[in-house]
Amino acid sequence: MKSDPRLEIVDFLPRLRRFSYALTGDSDKGDDLVQETCARALSRINQWEPGTRLDSWMFRIAQNIWLDQRRAHKVRGDSVDLDQAYDIAGADGREVTEHRLTLQEVSKGIAVLPGDQQVLIALVCVDGLSYKEAAEVLDIPIGTVMSRLARARRALYDFANPEIENAPIKLETRRGQSNR
Amino acid sequence: MAKVTDEMLMAYADGALSPLARAKVEAFLQAHPEVRGRIEIFRATGAPFRGYTGGQWRSRFQRISKTSF
């Protein structure tokens with residue numbers, strides 16, 4: 001049981017670092033995000049409510065800084081192209097092959113995702129939070145977490161497998177969802 | 001048969017379903033084996049991160065974090 005939240009912040013640093021590197025894809029930018037997140041957290045440490053999760057609070061701070069940076073500088077890629085390409089391609093069916101993506105592939109793929117999808121990949125796939133925990137961090141419904149995350153992962157998969165076109169697999173399960 | 005969404009397939013691949021929901025998905029996959037391959041999308045995009053430590057990046061923070069707090 002720790003009484004000093006600053007010690008909890010130190011314990012949280014490795015997770016924050018992974019999260020930041022996943023988002024920025026870059027050692028220097030990742031460190032900058034870690035540092036800025038810690039600075040902001042420490043300057044507002046009295047706003048953190050004891051008894052609530054410090055990691056969720058820190059992730060929220062990091063997320064806000066990251067999304068602000070993206071808006072201000074477009075620090076990573078242009079998120080629009082892939083997203084639109086995905087919409088055009090449609091989700092109804094495609095051939096899926098046994099191709100485990102490499103970390104490098106997914107890292108490059110993350111760069112072109114929209115910011116809100118990047119954050120979810122970093123929270124769930126990288127940090128290992130459950131969908132429910134991610135929903136609490138972001139203060140959004142769990143259904144939104146799941147649909148956004150599934151969308152992000154389809155996009156990552158397509159990014160790493162550009163040769164895979166729409167294909168014969170017809171998915172009954174997606175009919176009726178196509179015009180959301 | 002109940003519909004199975006991409007979100008459920010993702011949760012299935014992530015091992016995040018309750019036993020009941022898991023059984024539903026498995027029953028659906030038995031009846032629709034062509035959907036099975038789709039799970040690969042979610043396996044392929046979850047697996048690379050397992051055990052990922054961010055260690056391939058050299059962090060200046062690693063050096064200073066011991067002393068700055």
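Tutor: Let's start with one term: two residues are in contact if their C-beta atoms, placed from the backbone, lie within 7 Å. The model is predicted, so local features need pLDDT (the predictor's confidence in each residue, from 0 to 100) of at least 70, side-chain atom pairs count only at pLDDT 80 or more, and totals for chains, interfaces and linings use all residues. Residues are numbered from 1 along each chain as its sequence is written, with chains lettered from A and ligands numbered from 1 in the order in which they are written.

Student: Leaving aside neighbours within four places in sequence, which residues is Leu120(A) in contact with?

Tutor: Leu120(A) belongs to helix H6(A) and is buried there, that is, 20 or more other C-beta atoms lie within 10 Å of its own. Its contacts beyond four places in sequence are Ala134(A), Val145(A), Arg148(A), Leu149(A) and Ala152(A).

Student: How many residues of H6(A) are buried?

Tutor: H6(A), a helix (a DSSP run of H or I, at least four residues), covers residues 115–126 of chain A. Gln117(A) and Val126(A) are among its buried residues. The helix is mostly covered, and of its 12 residues the number buried is 10.

Student: What do those buried residues pack against?

Tutor: Within chain A, they pack against H1, H3, H5 (103–111), H7 (131–138) and H8 (142–160). Chain B also takes part, through its helix H3 (39–46).

Student: How far apart are the end C-alpha atoms of H6(A)?

Tutor: The expected span is 1.5 Å times one less than the number of residues. For the 12 residues of H6(A), that gives 16 Å. The model agrees, because the end C-alpha atoms are apart by 15 Å.

Student: Which element gives the most residues to the largest nonpolar core?

Tutor: This core (buried Ala, Val, Leu, Ile, Met, Phe, Trp, Tyr and Cys residues joined through C-beta atoms within 7 Å) has 57 residues; Met58(A), Leu120(A), Ile121(A), Leu123(A) and Val124(A) touch the most other members. With 10 residues, the leading contributor is H8(A).

Student: Where in chain A is the mean pLDDT of an element lowest?

Tutor: Chain A as a whole has a mean pLDDT of 79, and 73% of its residues reach 70 or more. Residues 77–94 stay under 50, although the model has 35 contacts beyond four places in sequence for them. H7(A) has the highest mean among the elements, 96, while the lowest, 39, belongs to helix H4 (residues 79–89) of chain A.

Technical notes: Helices (H or I, at least four residues) and strands (E, at least two) are DSSP runs, numbered from the N terminus.
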